[in-house]
Amino acid sequence: MASKLITHLKNQIKEDSSLDVLGHQWGFDEQLVGKALQNISTLYPHYSRHDASHSKQILINIERILGPERIKSLTATDTWLILESAYWHDIGMLVTDAEYKAASQSEDFKVFIENIKEDSNHHLNKLCSCFQVKNGTWQFDEIFPYQTINKFRELFAEWFRGLHAERSYDVIQSPWERCGLSSPRTELIPSRLYMILGRICEMHGSPFELLINEQKGLAFKEVGIGTDDCHPRFVASLLRLGDLLDIDDNRFCPVMCKIAGEHRPNLSKVHEKKHRSIRHFRLDSNQIEITCVCTADNFEEQINTYLETLNWFDWLEDEIKNQMTNWTKISPSKEFGLLPTIGYININFNNENFFLPTDARPEFGISTEKATEILQSLYKDQFSCIRELLQNSVDATLVELFLLKNLSKSDKLVDVFKKAQKHEILVTITEIDTSKDNLDSEFDYFTLKIQDRGCGISINDFKHMLKIGDSANNINKKYIIKQMPPMHRPSGTFGIGFQSIFLLSNKVKITSHCRRTNENTRVVLHNPLGKKTGLCTFERLDFSLDYGTTLEVVIKLDPKLYKNIKHTKDGYFNQENSNFDPIIEDINRIHKFKIFDKISEFAHLSPIPIKAEYRLSGDKSSKQINVESQLDDSSWVYLNHNEIDFCYLITPIIENNSTESNIIYYKGQKINQPSEQVDEKLLSFSSFRIKLNILSGNVTEWLTAERDKIRDNQAELLNSLIFEGLKSFIEKSGGNLKHISLEVNHNIIFNYSERLHELYSKNLKNAWLNIDRILHSVKTGKKENRTYHIQDLMKWVDGNPMLKGVELDFKTYNDPSLYFKAILGNGTQLERMWVTSLAHKETLDDKSGFSFDASEEYNSITLTFTDDGIKTITPNYLAFIFLREHKQPSTRPIIPFTDEMHAYESISIDFNDLKKLNGSHCKIPTERIIISPFIMRTSNERNVFYKKERIEELSEFLISEGLINIDKEKCIELFNQFSDYVSMTIMKSDTELQSNWTRITPEIK
């Protein structure tokens, strides 16, 4: 009980009877207001005590701050204001029925609800999402809305809590009208003093600057009762301090906590733990000392308790500093001396290994600009984060190899790969069973674990990671990287790449040992856009770790955002014992495993070995994923141009069923070319493939924000690197380029490029001697108006500035009857432009007859249109479909249905239904097509072969989808017969085609 202040007031009254009215008013209000405050708990059971016990503790705190001597210096009116304000200051938390109704119908309250609806992390978001703003109604699905009732109470509590200080002023002016409180008011106490009392209570929730504002704040001095003066600003300052210092561990009532229940807001629990953390508390007129030990069920709760306690003490420190700075404007006289100083204030965790690297809440931040860039990238490739996490491990390992003095400037990538055998990166992927783990079945969940033996992450590194883009300011790390050979420097720094994981997960756990600092640390980072708004927890580990970092995360993948997948030879489904068939498989199974292809793709040119394993949730056994490296190929040639290190690999295409394409890499990772600015003519070769790997240069200068595309302003530099590679290749070939002579002619005729002319005119002058190999006549029937004569081509060649000075011999082409339709090297531009478009038009629109033939000698196809309406393909062309046109492993070729196949019409499907089948395409469409019973597979040696399999399942699928209208047994029988027909027909083709078919169909009889 505040006996000293009350005793002082009584003593003052004894000395001056005119002050007796203050004693009478206080006597009533102590009882009446104290009783009224008990009702606050009906709306705020999840809050700390705001009843008479809180008021009494405030008065006790003020007595401690002032001390006995200074209390004696208080005027009676000041003493009365202190006593009354301690009781009245929270009276605004009382809410009447009429006020509930008025609030719920106000526009401000509706705006308040809408703001919560927009905040997905707010604990009342789910409740407010049920509010229909247009008609002002609520819609609930609950039959017995017990939790809803509690949430409504919390909603109104949050609304009125923010207004309670100014509402206290209103209640003090009209206690009976506002809340039925019959505090007697007489003219013996001027209403002005009640207004001052109201303003004092209002100021306990206002900024300090307003308190001392001469126009809008409280007065320094006022006339009190009788000859007394009062000091409103001084009383308000004492109330603010007394309120802040009610911190002891009995602030939360156990009964109120039971009423609020276990589902009360998390902030309520944190505040309770904050009060219960007090271990030492000193408060007197000289000094304030406080010691807290934060305890909770887990470290995250301890962090929040710590931070809430820290915030509270920061407010206390700021308040005392503000009052001390302005004490001459606050204190009634010099007799009151100074406020107590802040002494030893310490906040600890009960686990000594837990710590914070900063003095503020450690958060993993994400800027709006960077978040937008990555979110846009997400829709291009949902798996970008996996590439980024693997890149971080590779970068850390490169730094570690350098620190171990295992890297030299002369090391090629294959040399680094060999040196890094003991630093292998291990990736473990566990597919989570959503039915067993109570997860949303609409999504796919995986646990991703990446372990490396790299340089580790120091606490200082983590500090920079918490600020996106701040890794560039990590001086210690930059110093190390600057000393590394440019070719082997990390491609980026942990930051924007790392944060992309939060697009697929809400929490990441990192355990790391940093060899540089000998720190063993476990850090948990939460999604900056999630409910914990970027919270990070830090823990020092007592046990020693191997050098390196382990990252663990549960990723959530949305099947609706998966992109179409083109499985590569090295893809997950193309490994040994795989019987994957995209036509038959569930589309979700097709898509989800792209995650494994992503790892394989990354590992191909990674300078650090990568091993990957896959397992089902709860299954201790695992399957190793093939992540074969391509760095052991000695054909890679290393060059330096414009101070950029790069290497290239140019290989001839011997088999046209190759799936290889021209690829640009940045430090081993496949990237896209700039938008329409790369000289496509430098990459338009079908007789050989170019791979170009950029090994140095700043990643932010080379790549766009999503790190999967070269910046447009780097297009010319990229062009020069490609040209230097081609130039080097031709010079090293020494003119022995017979395997590309067809390609050279094609590019000279159809791709005018000064760069190509510079290369070819010096090295390939005699290539035109083989022009006959790229021209082939076509019988055209009545379609002669679509043909071209060889002499027209000669005229065009003569006018080509690229061929100036080149002598051509066309004596053998003077036959006036020699016409040609196309230059038909398989896969060339002309085939796509002429043959495909003409075939589609002639066969589907005009319903003309046709015949497709093929020549192995010329690697060409011949299209003949006829007027008889008969559609045929030759054995050579059927062989071409399997051996030349079909290039995608784990897919089935599509065969044009023609008249000679009439016996199998029942298993043909409409061409327009082809889009319903996954992993299927048709180069030369006809009205109906037949799906091949043979599927292309790939071996560990990366060789392709055909295998007849899953015929029964294929039949079931086509029938169930309504694509074929026969019974299952008949369908299976026809597919088996058709497989024999295909094999026997191909064996009637040219000798070389027969040989190739036999070679890649070892199991087919």
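A hairpin of 3 residues links strand β5 to strand β6 in this predicted model, and it offers a convenient place to begin reading the fold. Strand β5 covers residues 278-283 and strand β6 covers residues 287-294, and the two run antiparallel to each other, paired over 5 bridges. One of the bridge partnerships can be found by looking at L283, whose partner in β6 is I288. When following the side chains along such a pair, it helps to remember that in a regular strand they alternate between the two faces of the sheet.

From this local feature one can step back to the whole chain, whose secondary structure comes to 35 helices and 31 strands. Of its 1005 residues, 55% count as buried, while the accessible surface amounts to about 46,400 Å², with 48% of that surface belonging to carbon and sulfur atoms. Among the contacts in the chain with a separation of 6 or more, 72% are between residues 24 or more positions apart.

What, then, lies in the interior? In soluble globular proteins, nonpolar side chains tend to be buried together. Here the largest nonpolar core has 100 residues, and those with the most contacts inside it are W88 and L155. Helix α16, which spans residues 299-325, gives the most to this core, contributing 9 residues. The surroundings of L155 can be traced in the structure: leaving out residues up to four places away in sequence, L155 touches F109, F112, I116, L124, L127, C128 and W138. Apart from the largest core lies another one, of 54 residues, which includes A396, I429, L448 and F602.

Towards the end of the chain, S989 sits in the loop between helix α34 (968-986) and helix α35 (991-1000). Is S989 buried or exposed in this loop? Because its relative accessibility is 5%, S989 counts as buried, the cut-off for that word being under 20%. A polar atom of its side chain lies 2.5 Å from the backbone oxygen of I986, and, setting aside neighbours within four places in sequence, S989 is in contact with P875, N876, A879 and Q994.

Finally, a careful reader should ask how confident the prediction is. The chain averages a pLDDT of 77, and 74% of the residues score at least 70. Over residues 572-577, however, pLDDT stays under 50, although the model has 26 contacts for this stretch beyond four places in sequence. The pLDDT is also below 50 over residues 737-752, a stretch with 53 contacts in the model beyond near neighbours in sequence. Where pLDDT is low, the predicted coordinates should not be read in detail.

Conventions
Residues numbered from 1 in each chain as written. Predicted model: local features only at pLDDT ≥ 70, side-chain atom pairs only at ≥ 80, totals over all residues. Heavy atoms only, no water. pLDDT = per-residue confidence, 0-100. Contact = heavy atoms within 4.5 Å. Helix = DSSP H or I, 4+ residues; strand = E, 2+ residues; numbered from the N terminus. Buried < 20%, exposed > 50% of the residue type's maximum accessible area, 1.4 Å probe, protein only. Areas by Shrake-Rupley, 256 points an atom, 1.4 Å probe, with all protein chains shown as cover. Pairing = 2+ DSSP bridges. Polar contact = N/O pair within 3.5 Å; in protein donor to acceptor, adjacent residues only side chain to side chain. Core = buried A, V, L, I, M, F, W, Y, C linked by side-chain atoms within 4.5 Å.
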